[in-house]
Amino acid sequence: MSDEFDDLKNAMNTATPAPDAARKAANLTMAQKNFENLQGSQAEPRLTSDRPKAGFIRGVRNMLNAMSTRGALTASTAFVALGLVVVTNWQPEPTVFYGGEWDENVPVEMSLEEAEQRSVLDQIDVRRKADQDAESAPLMMAEPMVQGAPAVSAEGDAYSRMALPEPIIIKPERNTEAFPEADQNPLKVTLEEPVSTFSIDVDTASYSVIRSSLTNGQLPPASAVRIEEMVNYFPYDYPAPEGDAPFRPTVTVADTPWNPDTQILHIAIQGQEPAIENRPPLNLVFLIDTSGSMNSPDKLPLLKQSLALMLPELTEQDQVAIVTYAGSAGQVLEATPATDRAAILAAMDNLQAGGSTAGQAGLRQAYAVAEGMAEEGEVTRVILATDGDFNVGLSDPEALKDFIADKRDSGTYLSVMGFGRGNLDDATMQALAQNGNGQASYIDTLSEAQKVLVDQFTGALFPIANDVKIQVEFNPAQIAEYRLIGYETRALNREDFNNDKVDAGDIGAGHSVTALYEITPVGSSAVLNDPLRYGEAAASGDSDELGFFKLRYKAPGEDQSQLIETPIVQGGEVSGDMRFAMAIAGFGQLLTDSPYLGDWGYDQAIDLANTAKGEDAFGYRAEAVRLMRLAESLEQ
């Protein structure tokens, strides 16, 4: 067997030719030449216009919207296709589409929507022919350009410079967010101004906006911080009303966490929560913004999901209608029983974002639909869901406020839910909600939608008191100075308290409302103002009352207010709820760089909040502590 194997091996060796060094060298030379030739294509690329013209612009818009952080901008690169260069800078530089020398052409500026309408891709396609037959000769692609660099064709081409269009500058969608401008409440001298008057507020939008900013790695704008909305974001276990009273106020005085020489006057109002089976029928008109600015995952898609969460809370006695606005208003769902969820969800699923924002037309039609649904003894409410970008029609907040004020007497309430960032017009949303006998919320996550529309369903939709006003008169014999923490946009004149024609805030079923004053006792080392030469007589008195608390409200549907009043005295139980409210008030003041906190900082706010978290069934308070830590890190 081994002999046969040796014979086979020898035969194979004999048949194998000897190595040819010259042939090997020639083969290596040919391989190297082929490799070099294949490093570029043998013909220039052929350009084509067989593509969706609007899709690319829409993609650019989405790309720009996404680039709101420094990290995203750093990661972005130039895109080179069809003879154009996309230079993206979020602010303040525009996006530039061009195909020629920078200095040789005058840029043409337009917005992304204008570019889409004018089919800008056709304007910036770089085209040339070697002859009249486009199929027989390739079209040239311009080289990527920088300032001063010429556009040249491939080496050896007869046309060394191409006929290029003028540069087109696409202005990016800038951050146009608007928040109500209001200075922080100043310290008041009791002898000079002993009475403080304001409207209550149950809005929570500010806290959600702050959370959105912090979780995106940015400190919120100071104007976005409304401390009363931060404090009132959280549920509290305040003493419940007794009997038929719609709510119950509780007044407590405690030491100030950030100043041992002042005190906190804590006003807690707890609304009554009627049994669910006794609630009246509900007519809801969803007024949905479907303008082009809503074309973002955190806007229209989140809006649809949020409203879908609410539907299981509705019953067979409730009705739902849908009105949209974008360019022009339209009703996409007539009044439909809330139990017909398939029809409601189908109508919402068909909504698409596009066009400009005809906010006034949408409001007019929504109110008309609501009035057609309303019956005696029912609650009718319009829920406006928008990013607040009212850029067509009646866009001035004051004009919108007047329009809504004219409509609220009809008995139809208006609530506002904000979505998305970048063009959030919080100022307009606040004007609408405050004058529409409703509340403003900001939905940044589906969890927030769950809180507003499911967990707090009755409070958000069923009012128990309208035009609720608070007035506190401080005793100058006991209190030298005071300041109201928050409620800057809710301030009222002293005479407004007794004027039933002056609009104020509203309380929903089960809602709690919190207000905090920092007060400085007479004789305290924390007094910041010199005493008046002729003021001692006015400050004399034997009363040990710190002040007097008064509250006015109207029952829903009534025109005449009712009065609740009680003296303010030292003491009261300092609950965990009160301590947590003070921690959040301190957090808000840190975000606005308040001058009244001294050396008290985030560490102290976090410690106070942690000791007052309580049961925290939904985790809201734990989340607040995490936001405090995040804000502390961002400020360093």
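1. A good place to start is the pair of helices α17 and α18: α17 passes α18 in a left-handed crossing. Please keep in mind throughout that this is a predicted model. Helix α17 covers residues 576-591 and helix α18 residues 602-611, and the two pack at an angle of about 155° with their axes 8 Å apart. Angles over 145 degrees count as roughly antiparallel, and α17 and α18 are therefore roughly antiparallel to each other.

2. What meets what across this contact? From α17 come Arg579, Phe580, Met582, Ala583, Phe587, Leu590 and Leu591, and from α18 come Tyr602, Ala605, Leu608, Ala609 and Thr611. The residues of this contact of α17 with α18 divide into 10 nonpolar, one polar and one charged.

3. Helix α18 also has α19 as a partner. Their axes lie 10 Å apart and the packing angle is about 175°, so α18 and α19 are likewise described as roughly antiparallel to each other. On the α18 side you will find Tyr602, Asp603, Ala605, Ile606, Ala609 and Asn610; these meet Val625, Met628, Arg629, Ala631, Glu632 and Glu635 in α19. By class, the contact of α18 with α19 has seven nonpolar, one polar and four charged residues.

4. Helix α19 (620-635) turns up again beside helix α14. The buried residues of α14 pack against α19, and also against α7 (205-215), α9 (300-310), β14, β15 and α15 (457-461). Which residues of α14 (residues 446-455) are buried? They are Glu448, Ala449, Lys451, Val452, Leu453 and Val454, so do look at Glu448 and Lys451, which are on that buried list.

5. Now to the strands. Strand β14 (residues 412-419) pairs with β15 in the parallel sense, over four bridges. If you would like a landmark, serine 441 in β15 is the bridge partner of methionine 417.

6. Strand β15 (residues 440-443) has Ala440 and Tyr442 pointing one way and Ser441 and Ile443 the other way. This fits the rule that side chains in a regular strand alternate between the two faces of the sheet. Are these residues of β15 buried or exposed? Ala440, Ser441, Tyr442 and Ile443 are all buried.

7. One last spot to visit is glycine 217, in the loop between α7 and α8 (227-231). With a relative accessible area of 45%, glycine 217 is partly exposed. Its C-alpha atom is separated by 7.2 Å from that of leucine 634, although glycine 217 and leucine 634 are 417 residues apart along the chain.

Terms used. Residues are numbered from 1 along each chain as its sequence is written. This is a predicted model: local features need pLDDT of at least 70, side-chain atom pairs count only at pLDDT 80 or more; totals for chains, interfaces and linings use all residues. Side-chain values use heavy atoms; hydrogens and water are left out. Axes are lines fitted to C-alpha atoms, for helices over the stretch in contact, and angles run from 0 to 180 degrees between N-to-C directions. Angles under 35 degrees count as roughly parallel, over 145 as roughly antiparallel, 65 to 115 as roughly perpendicular and the rest as oblique. A crossing is left-handed if the near helix is turned anticlockwise from the far one by less than a right angle, and right-handed if clockwise. Contact means heavy atoms within 4.5 Å. Ala, Val, Leu, Ile, Met, Phe, Trp, Tyr, Cys and Pro count as nonpolar, Asp, Glu, Lys and Arg as charged, and the others, Gly among them, as polar. Buried means under 20% relative accessible area, exposed over 50%, partly exposed in between (1.4 Å probe, protein chains only). Two strands pair if DSSP finds at least two bridges between them.
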